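Open the model in your viewer and keep the sequence panel beside it. This tour goes from the whole chain to single residues and then to two helices.

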Amino acid sequence: MLINQTSAWKALQAHWASMASRHMRDLFTADAQRSQRFSLSACGLHLDYSKNLVDRETIRLLLALAETADLASWSQRLLAGDKVNSTEGRAVLHMALRNLGYRHYAYEGRDVMPDILSVLSRMRAFSDDVRSGRWLGYTGQPITDIVSIGIGGSNLGPKMVCEALQPYQQEGLRVHFVSNLDASQISQTLKLLNAATTLFVISSKTFTTQETLTNAHSAREWLLQQLYDEAAVKRHFVAVSTNRQAVAQFGIHTANMFEFWDWVGGRYSLWSAIGLPIALAIGMEGFEQLLFGAHEMDEHFVQAAPDANMPVILALLGIWYINFGAAHSHAVIPYSQHLASLPAFLQQLDMESNGKRVTRDGESIDYATGPVVWGQAGTDAQHSFFQLIHQGTCLTPCDFILPLRTHYPLGKHHDQLVANCLAQAQALMRGRTEQEALDEMRQADLDEQSLQMLLPHRVFPGNRPSNMLVMDQLTPYTLGALIALYEHKVFVQGIIWGVDSFDQWGVELGKRLAGHILQNFNELSCSPDVDSSTAALIRRYHLAIES
C-alpha cells in the first residue's frame, strides 16, 4: 500500500488544513518556551526548528507517519549491510567508511573493516609523502598542485569539502577540480600549472566514465608535451578506481591505485578513497576528523529516539511541507563563503536519491517525492532570490547554516554576517503586517496617497518556514557531522516515500543516449532511430565546426 493511503498520512492532511490558518507569530506568543521545545543539539550542531508551522501535535503525527513506514526496521537493515539498494542488488555501507573500527560492518557475511582500514592506511602514507615533499615528480621536484579529475560524486563531495576546509589546507599545496567535458575548464586549469610539479588524481570506479577519461587523457597529453617521457605518467598520476587493468593501460602504476567497493554509492563516496584529494589538502588527521564527525552523527541517528533525532526531525519537516504544504523546492543558504558549494553537493545527494516516480516495488507514485534543492551562500542570496521567498506565491522552506565563529576575524564582518542570517530567518517567520507597514511609512512622512499605493508592496505575509543549523565553527569534525546529517535526512525521506534512494537509473539513460549521438557524430550521419530535432541539431553542429 502506498504511504498516502495510510491513516497516518490522512491524519496529517487534516492537520495541515487546521495549521494552515495559524501564524507562527501567534505560536511564539502562546509559548514562551517554543525555541527550547523545538531545538536539538548533537555532534557539534544545534538545530532550531521553532520557526516552522508546527506544534507538538504536528510532530506527533509526523513521527507516527515514520513509524507507519517502518523507519526503525529500515534503519537497522541499512546498518546490517542488507541490500537496501534493491534495484541494483547492493548493500549501502557508507557508514562503514567512517566507522574507524568502532562498530562491526559486514557485506555478505564478510567483515569490511579490515579493507577499509587498509585503504585509509595507504591514503595516510601517500598523502604524508606528498605533503612533506618526499613524493617527487619525474624531474625530482616536489608537488605544488593537485588536480582532481572526476564527475558527479567523485567531484562534488571532495570539491565541496576542500573549499569548506580551506583554512586547514597546507600552504603551498593547491588543489584544483576538473569535472566538465567543456574543454574550457581543463584548459584554464592547466594553463597556470607546471607539469613537473603537478599531480593528477583520476577518480572513476570503472575507469570508463566518459567525462572523466576524456579529461584524464587531455591531462596526460599536456603532461607529455612538457615532460616528453611516458615514464613521467607514473610519477604524476594516481587513480581511485576498481579497474586495475584499465588503470595500468593508462600508464598509472597499480601500486598507486586506491580502491573502493561497489557498496559505495557515488554521492556517498567522499568518505572513501574518493576523498584522497581531501586528505592531500588538509592532511590525514583532518580527514579522519571529518570521518569522526560523520561517525558520531551516524551513532546519533541509529541510537537517538525519533523525537530527539536530528536527521529524522529534518526529514519529517521536509515531508510536512512537500506533501502537505505543496512546497516543490527547498532552499539551502549557508552563511559561510567556504560552504558556497554545499547547495550543489546537496542537489545531487537529494535529487539523485529521491527524484523517483515509482516505489521500490515498481508501483507508480501519485504524491510528491524529492524536492528541487537549490541555494547560494548568504549574504549574496539576499540580493538574488530572497524576494521570491519573502513575497512570492510559492512556499519555499529554507535551511540556514551558520558558523558562529569565523576563521577570519576582520573588523565587524562576522557580526554583520550573523545579524543578516538571523534577521532573514526572523523576517521570513514574522513578516510585516499592514499596520506595521503603515506605521513605518508614516514615520517617513509619506502622504496618504503614497501610503495607499505602496501599502500592498510593503506587506510581507510571513509564516515562511526555516530551520537554523548553527555550529561553533566550521571544522573537519562539524562538517563531517553536517554532511552525514543530510545523508540520513535523505534516507529517512526515501523510506517514507517508499523509493530506492540509492539507485539513479535516470542518469544512466542520458549516458547511453550521449554515446549513441557521439557515434553519429563520428559517422557524420544519423541513424533512422534519431528524432528529426536531434538529427537537425547534429547537422547544424557539423556545419558550425566545418565553417
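Helices (H or I, at least four residues) and strands (E, at least two) are DSSP runs, numbered from the N terminus. The model is predicted: local features need pLDDT of at least 70 and side-chain atom pairs count only at pLDDT 80 or more, while totals for chains, interfaces and linings use all residues. Residues are numbered from 1 along each chain as its sequence is written, and side-chain values use heavy atoms, with hydrogens and water left out.

**Whole protein**

Select everything and show it as a cartoon. The protein has 22 helices and 13 strands. Its radius of gyration, taken over C-alpha atoms, is 26 Å, close to the 24 Å that the globule rule gives for 547 residues, so the protein is as compact as a globular protein of that length. That rule is 2.2 Å times the number of residues to the power 0.38. Along the principal axes, the C-alpha atoms fill a box of roughly 80 × 60 × 60 Å.

How much of the protein is buried? Buried residues make up 54% of the 547; buried means under 20% relative accessible area, exposed over 50% and partly exposed in between (1.4 Å probe, protein chains only). Of the contacts with a separation of 6 or more, 74% are between residues 24 or more positions apart, where contact means heavy atoms within 4.5 Å.

**Cys43**

Select Cys43, in the loop between strand S1 (39-42) and strand S2 (45-48). Phi of Cys43 is near 55°, a positive value in a residue other than glycine. Cys43 is buried, because its relative accessible area is 15%.

**Ser75**

Go next to helix H5 (residues 71-80), where Ser75 is found. Is Ser75 buried or exposed? Ser75 counts as buried, at 11% relative accessibility. Leaving out residues up to four places away in sequence, Ser75 touches Phe301 and Phe491.

**Thr379**

Move to the loop between strand S11 (372-375) and helix H16 (386-391), which holds Thr379. Show the backbone atoms here: the peptide bond from Gly378 to Thr379 is cis, with omega near 10°.

**Asn463**

Select Asn463, in the loop between helix H19 (448-458) and strand S13 (466-473). Asn463 is not a glycine, yet it has a positive phi of about 60°. With 16% relative accessibility, Asn463 counts as buried.

**Helix H10**

Select residues 210-227, the 18 residues of helix H10. At 1.5 Å a residue, H10 should span 26 Å, and its end C-alpha atoms are 26 Å apart, which agrees. The expected span is 1.5 Å times one less than the number of residues in the helix. Show side chains for the buried residues of H10, among them Leu213, Ala216, Arg220, Trp222 and Leu227. An α-helix has 3.6 residues a turn, so residues three or four places apart point the same way. Tyr228 follows H10 and has a positive phi, near 70°.

**Helix H15**

End at helix H15 (residues 342-354), which has 13 residues. The expected span of H15 is 18 Å, and its end C-alpha atoms are 18 Å apart, in agreement. Which residues of H15 are buried? They include Leu342, Phe345, Leu346, Leu349 and Asp350. To see what covers the buried residues of H15, add elements including helix H8 (153-164), strand S10 (329-334), strand S12 (398-405) and helix H20 (476-497). S11 is also part of this cover.
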